[in-house]
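Trainee: I should like a close look at a single part of this model, namely a helix and what follows directly after it. Please set that part in the context of its surroundings.

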Amino acid sequence: MAIFHLDFKIVKRSEGRSSVAKAAYHARTRITDERTGDTYDYSRRTDLYGHFILAPVNAPENIVKDSTALWNEVERVERQNNGQTSRYFDVAIPAELTNDDKKKLVLEYCQKNFVEKGMIADIAFHDLDSDNPHAHVMLTLKTIGPEGFGKKERSWNDRKMSVLWRESWSAMANSYLAAAGSSERIDHRSLQAQHEEALEKAAVALDNEEKALWLAKATETNRPAMKRIHSAKWRSKAAQEQRATEQAVRDAAKQEAVEVYKTFSELDLEIVVDVRSFTITHLAESEEIVLPKTHPGSSTDENQRPVLVAPAPHTRMRGVKSYRNKTKVSKVVAGKKPSVSISDSGTNTILKTSSSQKPNRASRSAPERVKRTQAIPRQDNIFKRFTTLIIDFFKQKFVWAKTDKTKVDIISEEHDKRIAENYVFDEVLGRHISRTEYEKKAKFNQDDYKPTPDEINRFPSRQNNEHHNANRDMGLNPSIHENKKNNSPQLRPSSYRVNK
């Protein structure tokens, strides 16, 4: 059975691995690592079915002649102790193909996706005649030229590239399976992604065949994925039981998918299918409701086809109790209700309004409400104008004052504009001050500030040193003299002399 398995990994020196050891295992040969001196020998294995090296046309022949020369050169040019030396993957080949087609498929895939981009591919085929045919491929990480290896190509490490490589393998393998006449197909996506896509395709399918195929696909992929078992644990009893259980679940899903395909491919087109719960509901027969325009006393009712209508008994009208006072009986009687009648042909349903003049028996349900007329007070022109003014005032001031965003308060805008022009917030004082005072402070605090002549006059400097010394030379022991006019003592300096 064709299955999808393609996993990319990197040979890292930091993990203690060597590309020479990996190449010796794949090629089932004996190789000595010239960098470390270790020898790896896997020549006793007998499951090798072919070994190929694909390289670009500009690669030197001495490097690509065999695996020993290739991977020893790769290990030599890698200078870092924890560097990466190669990329490798193992791919499951569809068992439905012949051995030649298996090899041709892998070689074409490697040439198209890797070698044409500048990589060297070392390919080894294992177990082509068994139920698990697969191939091991090793890829170089550096560009190759006539002089040898160059720098590493970082774009090859992009995760998007691995997705494209996986998709390319599924497409090429499916083309080989179709050419071989096999109905098996593989998909690089997860089972959950395939299940969701199948449900979406089934919902928009146009015919039963397409819908049945997508529903069968959704049923087959509605199961958990099979877990990979390492080759070292493959022979254990637990691994065999685990794989047997997973295969039983897969086989049951396949059998259920076959039954779903048979069921839905034989169904009529006039059905409604819920693709998520797989429930079937038949469409109801189409019905037509005709509402003829009839008027009391017209002759249109007589020309209609005969209908089966249960005659209404002639009974006395009965009043209906009032809701407000149950002891009283209201004079309002339930109105006439349309009666539904079925025509003799059985194809159309006619909704006919009864034109009988005699009232039918009153219904026991709630009576129909009578629409009362609203009393309109008498208003003259003056009262109307006054009422309109009062309502507009309340609308503007109270009701719609906060919710009306379109109306602009002109007074508030002028006030805010005047405040913004004349006042500035002072961060030091923590309050608003006038703009003139704020500008004066800002100007005074500048380093290159020079006072104006007006400011010099208003703020005089200190006295001169000569005048200050003169005042200091004066005696500090004043004499007291009496003023003859007011008889009050006065202070005089000691050097002051009075001429009598």
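Mentor: Just after α1, Arg28 adopts a positive phi of about 55 degrees. The model is a predicted one, and the description that follows should be read as such. Helix α1 itself spans residues 19–27, and 7 of its 9 residues are buried, so the helix is largely enclosed by the rest of the structure. Those buried positions are Ser19, Val20, Ala21, Ala23, Ala24, His26 and Ala27. At the N-terminal end, Ser18 acts as the cap of α1, with a side-chain oxygen 3.2 Å from the backbone nitrogen of Val20.

Val20 also belongs to a nonpolar core of 17 residues, which includes Val64, Leu70 and Met138 as well. Apart from that core lies the largest one, which has 32 residues. Within the largest core, Phe89, Tyr109, Cys110, Phe114 and Trp169 have the most contacts. The elements giving two or more residues to it are β1 (6–12), β5 (84–92), α4 (99–113), β6 (121–126), β7 (134–140) and α5 (159–179); of these, α5 gives the most, with 7 residues. Leaving aside residues up to four places away in sequence, Tyr109 touches Leu6, Phe8, Phe89, Phe114, Trp165, Arg166, Ser168, Trp169 and Met172.

The loop that lies between β1 and α1 holds Arg13, whereas Glu75 lies in helix α3 (residues 67–77), so their pairing ties together parts that are 62 residues apart in sequence. Their side chains meet in a salt bridge of 2.9 Å, N to O, and both Arg13 and Glu75 are buried. Salt bridges with shared partners join Arg13, Arg35 and Glu75 into one network. In the whole structure, a search finds 12 salt bridges.

Another of these pairs is Lys142 with Glu78, whose closest N and O atoms are 3.7 Å apart. Lys142 lies in strand β8 (residues 142–145) and Glu78 in the loop between α3 and β5, so this pair ties together parts 64 residues apart in sequence. Lys142 is buried, with a relative accessible area of 15%, and Glu78 also counts as buried, at 7% relative accessibility.

Strand β5 contains Arg87, a buried residue that has no salt bridge; the nearest side chain of opposite charge, Asp158, is 9.7 Å away. What does the side chain of Arg87 reach at 3.3 Å? It is the backbone oxygen of Trp156. The side chains of Arg87 and Asn157 are also joined by a polar contact of 2.4 Å. Beyond four places in sequence, Arg87 touches Phe8, Lys9, Ile10, Val137, Met138, Leu139, Leu141, Trp156, Asn157 and Trp165. Met138 is thus a contact of Arg87 and a member of the core that holds Val20.

A final remark concerns confidence. The mean pLDDT of the protein chain is 75, and 63% of its residues reach 70 or more. Over residues 294–323, pLDDT stays under 50, and the model has 40 contacts for them beyond four places in sequence. Residues 330–366 likewise stay under 50, with 59 such contacts. Where pLDDT is low, the predicted coordinates should not be read in detail.

Methods: Residues are numbered from 1 along each chain as its sequence is written. This is a predicted model: local features need pLDDT of at least 70, side-chain atom pairs count only at pLDDT 80 or more; totals for chains, interfaces and linings use all residues. Side-chain values use heavy atoms; hydrogens and water are left out. A nonpolar core is a set of buried Ala, Val, Leu, Ile, Met, Phe, Trp, Tyr and Cys residues joined through side-chain atoms within 4.5 Å. Buried means under 20% relative accessible area, exposed over 50%, partly exposed in between (1.4 Å probe, protein chains only). Helices (H or I, at least four residues) and strands (E, at least two) are DSSP runs, numbered from the N terminus. Contact means heavy atoms within 4.5 Å. Lys and Arg count as positive and Asp and Glu as negative; His and the chain ends are not counted. A salt bridge is a side-chain nitrogen of Lys or Arg within 4 Å of a carboxyl oxygen of Asp or Glu. A polar contact is a pair of N or O atoms within 3.5 Å; within protein, one must be able to donate a hydrogen and the other to accept it, and residues adjacent in sequence count only if both atoms are side-chain atoms. pLDDT is the predictor's confidence in each residue, from 0 to 100.
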